[in-house]
Amino acid sequence: MDFIMFQKQWPIFAKLGGRAEVNVYSDPNISMIKIRQFAEQMTEAIFSLERLTPWNLETQVDKLRELERVGVLDSDISAIFHKIRIVGNKAVHDGYDDEREAMNMLRLSHYLSNWFMEVYGDLNFKTTEFIEPKDIDKFNAEEIAKLKAQIELAESEKQEFQAQLEKIARSQKDESEASFNKLKSDRRQRSRKFLRNNDLTEKQTRIMFIDEQLRDAGWEADTKELDWCNGARPEKGKNKAIAEFPTKNGHRADYALFIGLKLVGIIEAKKYNQSVAGDIVQSKEYAKEVASALEYTFDEVNDGYKVPFIYATNGRPYLKQLAEQSGVWFWDARTPQKASYALESWHSPQDLLQKLVVDEKKAEKELKEEPYPEFVERKYQIAAIEAVEKGLAEKKRRMLLALATGTGKTRIALALMYRLIKTKRARRILFLVDRKSLGIQAADALKDNKVDNISLADIYDVKEIGDILPEQDTKIHIATVQGMVRRLFFKEDTNERPSVGTYDFIIVDEAHRGYTEDKDMSEEEQFYQEQKDYVSQYRRVIDYFDATVLGLTATPASHTTEIFGAPIYTYSYTDAVVDGYLVDHEPPYEFETELAKNGIKFAANTEVDAWDDKYKKIDKIHLDDELEFEVDQFNKKVITENFNRAILDGLTSYIDPNEPGKTLIFAVNDQHADLIVRLLKEAYATNDIPVDDDAIEKITGYIRHPEQEIKRFKNEKYPNIVVTVDLLTTGIDVPEIENLVFMRRVRSRILYDQMLGRATRLCPKIGKDSFRIFDAVHLYDYLQNITDMQPVVKNPKQTIQEILEKALEAEDNAEFAFFKEELVAKLHRKKQRLKAEDEAEITSLSRGSIKDLTLWIQSLKSMNKAELEAQTENIQRVASWYTSKDPVVISIHEDRLLEVARGYGAGNTKPGDYLNEFNKFIRENMNLIPALQVVVTRPKDLTYQDLREIRLRLKENKFEEKALQDAWRQEKKEYIAADIISFIRQAALGTELVDHETRIKRAMQKVYGVEDWNPRQMRWLEKI
């Protein structure tokens, strides 16, 4: 028996494995169910042996993910557990009954058995070879009955297993933490050693892994049965991966892929642990050596290739870090300039048929002649599309467009989709968004934008957010990244999982997302709570598909360029404002209240009200120490109704809800949004300003129909003042927004720029020529002092203990340095949550080895592995130190609005200083910027390009026409709507500042005096 190794230590595994063997021929369904039980019981045992408690982990998939998360299961072992789980579920729920599959599950469970005993069994354990069981139907009935009697699981045996696990738990309690950590470290090393030393042969790899993977992708595959040497041949209506396919030079390809009678692919298989990327060369050789035969057909490709699609694999699951040693390596002989690359899975037969439809060279030629649809008319939009099509011709697989919010990224995407599909350069496009509302917006745009009076949605079959899979004729599919992650990586039913070739072009909208770390996430996004986890899931989706990927963003973050590369085309907010496609904002209105200026203070030894968020009630708490809060903590750490009331009361003097423009207010959280809605309605009532109750509304992920309310905000009169948290920070197009109110701090410039982008769009119907910013939390000053840097901690979900173990288990200096850096960063984060008394107690317990916690953490940076290991006890003490959350206290401190100031330029300076800085800039750059010279000395020679250059250079330095006009009015107490030319000449020459209309009138006065115009001519001149 293949499971006899368990007889003494783990009899339940021996019984389950034996029962699976007995039934593999007579009842494969029962065999697979028993193997599923075998893997589940083994998982329970691992939890116990690793001192892990599976709280709230009810399913096998959740338990396996937890073991993956804490580093117990390597990806190779995890993949086997998951394979057994998926096939076992099919056996239980669908009655799946396949003898070949059952035999392969036996092989996989035997491989797991060897691994388990190597890691958790006796140190002298020797791995055993899998012996395929005989068909016991040939045994006599008495022998069968005897075997079944031996291996039936009784309730008492299940109880014995639980008792065994409890005994393990009791025995481990007496083991010191340091000793157990050493044991865990040894286990991880034994696991890696097993994977290195128990190398499968090529045949085993094919039977256990590659055959299964090909079958999952829709191919008939069986190394033993579907063998050319055994008479296997292609057949009409069948998709076969035939093993040992002969070539004319006497070689044999490991597999040949046939769609019906047509030969479409050659596969080179390698043993499991062998590097695979370089072996695609062997497949290429076989693809040239294909002989003509009556049994099949093929099409000549080029350069002597008879087969278009070339593969090499070793059956290992794809890992980006080990790309050359894992995955399915693929090369298309029809595009020799495009290098081979790794895929996460196999193309399905349908994928390859669709690939054969695409003729890239022909399509790229047609793209050059194809006219642009009417809805993209701006030069920069066409330039962006040309950049993408040029990238396609250069065989780029990742591209990024960076265009300012409001410049029409969606229209660019639509025009690109239309052109690529029409010319057959792409056969099906995935439009990937991270929010349902953005997907709905994209679907609406496909219906609204037309070519020859027909909407794009009518020209092409479009699947929207709710559609799980595209149909055969679907050309555009809109999906959320969260939904796609579930379909690809968490669906039990492989029929609901798209194949790697389902899409050949992907557009990622708002590609910067995942970086905004202070956002208030919806429940759907809680799975991606940490930025790095979110980004890794996003990346997994686009890495899964065999597709060219285009990212669209207004604000590329560092992780964005890591995924997509540097932007291939950029059109900035400054470009768009200077060219007149977006509006600029006025100098921000800075609201200062007494509490915002001085902070909120609570005296020591007093009782205060505090909000218990867990039980949603107010409690009394006693303060031993003084508490003090600055404005950035308002409505986060301290609830202060009076601060909000003072701000919102002042806001009513600037924003009239009965005017056509719309307002967006950014709150801290959902509760804060509710508070703002109530207080703002009260403020308007107090100030005798009539407001319709529907005019002011909260739109967050917690309301019943957020998408419906977003549509109302965009298309209807009410609501026209909306309070949000994060739902409307990116991607929502409401041109009427002309007021942004910040009642919360943001920590990211990228998020801040995205928020500003909500108000930059043109809206001629309400006469919008700029937008206003109202800052209640000193946001503008704060943002001057921060940069958007990636956190050092690469995976915030890992514990300090886990990172320490990885550092101590590192196999080389580079790996050790990497995990040590992460460990130090994690300890610094933990220290920031410790109070002074916590630090003092930790220092005391260290018995002199820690004198100063900060200096001690810093000292870890220079330690070698032995020195770091000696600090294990101290590191574990810091890691396990309990840090309680500070209470959210409720303030009843009175507050009042002190002033509303305006800040100008990069330094948010006063109006007089801003004008002086402008004058200084003009004088110092007169000879450095040629266009300035033209304005001052030869204004008649000024060209549009000269003026554009001046505006760009001035805006880069925060000098803008509207800000200069406003600063002049504030400082000089006179309003002059002078243009930028007048301001430059006034700064350089000291000439009188004259508004635009006066300059025109003076010029026309000279024209009137040049000739003796008749009345008709005078009327024409006046019209001019």
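Here are legends for a set of close-up views of this predicted model.

**View 1. The whole chain, before zooming in.**
The protein runs to 1024 residues, and 54% of them are buried. DSSP-style bookkeeping gives 39 helices and 30 strands. Look at contacts with a sequence separation of 6 or more, and 70% of them come from residues 24 or more positions apart.

**View 2. Helix H5 against helix H9.**
Here we've got H5 (residues 99–120) and H9 (residues 202–216), whose axes come within 10 Å and cross at roughly 135°. That angle doesn't get past the 145 degrees needed for roughly antiparallel, so H5 and H9 are oblique to each other. The crossing of H5 past H9 is left-handed. On the H5 side, the residues in contact are Arg100, Glu101, Asn104, Met105, Arg107, Leu108 and Tyr111. They meet Ile207, Met208, Phe209, Glu212 and Arg215 from H9. Sorted by class, the contact of H5 with H9 holds 6 nonpolar, 1 polar and 5 charged residues.

**View 3. Helix H3 alongside helix H4.**
H3 (residues 60–69) and H4 (residues 75–94) have axes that come within 11 Å and cross at roughly 180°. With the cut-off for roughly antiparallel set at over 145 degrees, H3 and H4 therefore land in that class. H3 brings Gln60, Val61, Leu64 and Glu68 to the contact, while H4 brings Ser78, Phe81, His82 and Arg85. The split for H3 with H4 is 3 nonpolar, 3 polar and 2 charged.

**View 4. Inside the largest nonpolar core.**
This core counts 110 residues, and the ones touching the most other members are Leu401, Phe505, Leu740 and Phe742. Its top contributor is helix H14 (residues 409–422), which gives 9 residues. Apart from this core sits another one, of 56 residues, including Phe13, Leu106, Phe116 and Leu200.

**View 5. The surroundings of Leu401.**
Which residues does Leu401 touch, not counting residues up to four places away in sequence? Going up the chain, they are Ala384, Val388 and Ile412, then Leu550, Gly551, Leu552 and Thr553, and finally Ile568 and Tyr569. Leu401 is also one of the residues with the most contacts to other members of the largest nonpolar core.

**View 6. Helix H34 and what covers it.**
H34 takes in residues 930–937, and its buried residues are Ala931, Leu932, Val934, Val935 and Val936. Among the elements covering those buried residues are helix H33 (911–925), helix H35 (944–956) and helix H37 (980–989).

**View 7. A cis peptide bond at Pro719.**
Going from Tyr718 to Pro719, the peptide bond is cis, with omega near 0°. Pro719 belongs to the loop between helix H24 (706–715) and strand S26 (721–724).

**View 8. Positive phi at Glu244 and Asp303.**
Glu244 isn't a glycine, yet its phi is positive, near 55°. You'll find Glu244 in strand S2 (residues 239–246). Asp303 isn't a glycine either, and its phi is positive too, at about 50°. Asp303 lies in a loop, the one between helix H10 (280–288) and strand S5 (309–313). Is Asp303 buried or exposed? Its relative accessibility is 57%, and the exposed class starts over 50%, so Asp303 counts as exposed.

Notes:
Residues are numbered from 1 along each chain as its sequence is written. This is a predicted model: local features need pLDDT of at least 70, side-chain atom pairs count only at pLDDT 80 or more; totals for chains, interfaces and linings use all residues. Side-chain values use heavy atoms; hydrogens and water are left out. Axes are lines fitted to C-alpha atoms, for helices over the stretch in contact, and angles run from 0 to 180 degrees between N-to-C directions. Helices (H or I, at least four residues) and strands (E, at least two) are DSSP runs, numbered from the N terminus. Angles under 35 degrees count as roughly parallel, over 145 as roughly antiparallel, 65 to 115 as roughly perpendicular and the rest as oblique. A crossing is left-handed if the near helix is turned anticlockwise from the far one by less than a right angle, and right-handed if clockwise. Contact means heavy atoms within 4.5 Å. Ala, Val, Leu, Ile, Met, Phe, Trp, Tyr, Cys and Pro count as nonpolar, Asp, Glu, Lys and Arg as charged, and the others, Gly among them, as polar. A nonpolar core is a set of buried Ala, Val, Leu, Ile, Met, Phe, Trp, Tyr and Cys residues joined through side-chain atoms within 4.5 Å. Buried means under 20% relative accessible area, exposed over 50%, partly exposed in between (1.4 Å probe, protein chains only).
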